[in-house]
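User: I'd like a close look at one part of this model, please. Take it slowly, since I'm only in my first year.

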Amino acid sequence: MNWFPLFCDLRHKAVLLVGGGDVAERKARLLLKAGADLRVCATRFSSPFYEWQQAGKLTLLETRFAPEQIDGCWLVIAATDSKEVNQYVSDSAEARRVFCNVVDAPAQASAIMPSVVDRSPLLIAISSSGDAPVMARLLREKIEALLPQHLGKVAAWAGSLRPRVKTTFNGTGQRRRFWEKLFQHDRLAQTLANGDQHRAEKLTEALFQQPLAEHGEVVLVGAGPGDAGLMTLKGLQQIQQADVVVYDRLVSDEVMELVRRDAERIFVGKRAGYHCVPQESINQILLEQAKLGKRVVRLKGGDPFIFGRGAEELEALTDSGIPFSVVPGITAASGCSAYSGIPLTHRDYAQSVRLVTGHVQKEGSLDWQNLAAEKQTLVFYMGLTQAPEIERQLLAHGMSGEMPVALVENGTSTRQRVFSGRLDGLASLAAQAQSPSLIIVGRVAALRDRLRWF
Ligand code: SAH
């Protein structure tokens, strides 16, 4: 972080703006909005400057820049069209230890101005540290579109409630839950926007009276196969509201980046050299955390109800009466299918898909006769080490040795690798791949030649 983001109060504080053209005009507009005591130095001014002066909004110094003009100022902005003058202004400010912004030249500046989304009192400032201002602007436009116009009204309303919330609720956890309920209220924002103070007060009072959950809850959330963009909006909301997130190896770092910063993280996966936490202990952790009154998110790779043992974890909760809910995720089969260009069904090649466990021996024998049938796609989860057995059984039950197969390793992530081949070469393909990998068997696997895009 080369720049420290900071919001500062410029009201009635002297600010020097050097320059009188279009660019300076834009800066002046912003500074006036922030209530600065603005003095503008230039030898020529565009007409709005004279209007502002007449309205008593700023002072014009119709002269060349001189370093003494900085004295007493809190901030300096160099916005002339001369690089040399801007540099001189910047050097003079530096010598006086006053922050200086130089328009379009962050290298010369000691302060930069971000792109701003203004829903006062809510302010969102975006900066690319001067490296990509257009990116910052595009991002600003996106956020503008995303945030309701009257969001600022809710923020201001919240500001007025802070003292009462502080005395009503003990502890930051309770307070946060109250605020979340307030900000997610489906009618409050509109009511405030309509200026209906009386009704807004009634809605708020009802929120204060509603008891906050005493005991915790568990939300089983599917994190998708890797690419964080594949997480659902609901899943995202859950990980941003969680007190505790219990996760394992299949959840990508990219997704973990999106977890609320101060949520507690409990890793229950396998680490190199160690065994994973036994299922029984995971169930126990969920139970204990929820009993402490926390909002627990159990985050799982892919979809929690597809080979995720999600059901077992929930069953353990039902006995203790802990409330729970489930947010589905994109399962590895869907993710790998899309990102490898292998559709799982196709009118000509496959009328059905079967998601099959590759733990062939551990989980009882599979119905190989049926699996070897034509016109379907087989997707094996956890099949890497069992690939020789899968190959052997399918061949033995009559599937052709030339049946196309694909192995997708780390599907949807930037490390995705796809190995394509034939069924009679499956075992040797698997020997090259690493976990997690998915095995796709069926005619559709050949479509990758034309449909690969990632
Ligand atoms: N609940 C998960 C599956 C858990 S079982 C889901 O719905 O996707 C674990 C197996 O899923 C792995 O052995 C592997 O076969 C598969 N898998 C999970 N993520 C994967 C990925 N990104 N790429 C390839 N296979 C993956």
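How do strand β8 and β11 pair, in the parallel or the antiparallel sense, and over how many bridges? Once that's clear, please walk me outward from β11 into whatever surrounds it.

Analyst: Sure! One thing up front: this is a predicted model. Now to your question. Strand β8, which covers residues 217–222, pairs with β11 in the parallel sense, and six bridges link the two. To pin that down on the structure, find Leu220: its bridge partner in β11 is Arg298.

β11 has another pairing as well. Strand β9 (residues 244–247) runs parallel to β11, and four bridges join them. Here the pair to look for is Tyr247 and Leu299, since Tyr247 stands opposite Leu299 in β11.

Next, the side chains. In a regular strand, side chains alternate between the two faces of the sheet. You can see that pattern in β11: Arg295, Val297 and Leu299 point one way, while Val296, Arg298 and Lys300 point the other way. Whichever way they point, all of them are buried. Six of the six residues of β11 are buried, so the strand is largely enclosed by the rest of the structure.

You may have spotted charged residues among those names. Side chains of opposite charge can pair when their charged atoms come close. Arg298 is an example: its side chain meets that of Glu313 in a salt bridge, 2.8 Å from N to O. Glu313 sits in helix α12 and Arg298 in strand β11, so this pair ties together parts that are 15 residues apart in sequence. Both Glu313 and Arg298 are buried.

Arg295, also in β11, belongs to a wider story. Salt bridges with shared partners join Arg176, Arg177, Glu180, Glu217, Asp243, Arg260, Asp262 and Arg295 into one network. Let's zoom in on one link, the salt bridge between the side chains of Arg260 and Asp262, at 2.5 Å from N to O. The two partners sit in different settings: Arg260 counts as buried because its relative accessibility is 15%, under the 20% limit. Asp262, with a relative accessible area of 59%, is exposed because that is over 50%. In total, the model has 23 salt bridges.

Now follow the chain onward from β11. Between β11 (295–300) and α12 (310–318) there is a loop, and Phe307 lies in it. Buried or exposed, or something in between? Phe307 has 36% relative accessibility, so it counts as partly exposed. Together with Val353, Leu355 and Met382, Phe307 forms a nonpolar patch on the surface. The four of them add up to about 290 Å² of accessible area.

Now for the ligand. It has 18 residues around it, and the ones that come nearest are Asp303, Ile306, Thr331, Gly411 and Ser437. Some backbone contacts are worth clicking on:

- A polar backbone atom of Gly301 is 3.0 Å from a nitrogen atom of the ligand.
- A polar backbone atom of Ala332 is 2.8 Å from an oxygen atom of the ligand.
- A polar backbone atom of Ser437 is 2.6 Å from an oxygen atom of the ligand.

How much of the ligand does the protein cover? On its own the ligand has 540 Å² of accessible area, and the protein covers 93% of that. Two elements give two or more residues to the shell around the ligand: α13 (332–340) and β17 (437–441).

Let's stop at Ser437 for a moment, a residue placed in strand β17. Its relative accessible area is 11%, so Ser437 is buried. Besides the backbone contact with the ligand, Ser437 has a side-chain one: a polar atom of its side chain lies 2.6 Å from the backbone oxygen of Gln434.

Finally, a contrast with the parallel pairings you started from. Strand β6 (residues 115–119) and strand β7 (residues 122–126) run antiparallel, joined by five bridges. They form a hairpin with two residues between them. A pair to find there is Val116, which stands opposite Ala125 in β7.

To retrace the walk: start at β11, which pairs in the parallel sense with β8 and runs parallel to β9. Then take the Glu313–Arg298 salt bridge across to α12, and finish at the ligand, where Ser437 is among the nearest residues.

Methods
Residues are numbered from 1 along each chain as its sequence is written. This is a predicted model: local features need pLDDT of at least 70, side-chain atom pairs count only at pLDDT 80 or more; totals for chains, interfaces and linings use all residues. Side-chain values use heavy atoms; hydrogens and water are left out. Patches are made of residues with over 30% relative accessible area and no salt bridge: like charges are joined within 9 Å, nonpolar side chains (Val, Leu, Ile, Met, Phe, Trp, Tyr) within 5 Å. Accessible areas come from the Shrake-Rupley method with a 1.4 Å probe; for residues, only the protein chains shown count as cover. A salt bridge is a side-chain nitrogen of Lys or Arg within 4 Å of a carboxyl oxygen of Asp or Glu. Buried means under 20% relative accessible area, exposed over 50%, partly exposed in between (1.4 Å probe, protein chains only). Two strands pair if DSSP finds at least two bridges between them. A residue is near a molecule or strand if one of its heavy atoms lies within 4 Å of it. A polar contact is a pair of N or O atoms within 3.5 Å; within protein, one must be able to donate a hydrogen and the other to accept it, and residues adjacent in sequence count only if both atoms are side-chain atoms.
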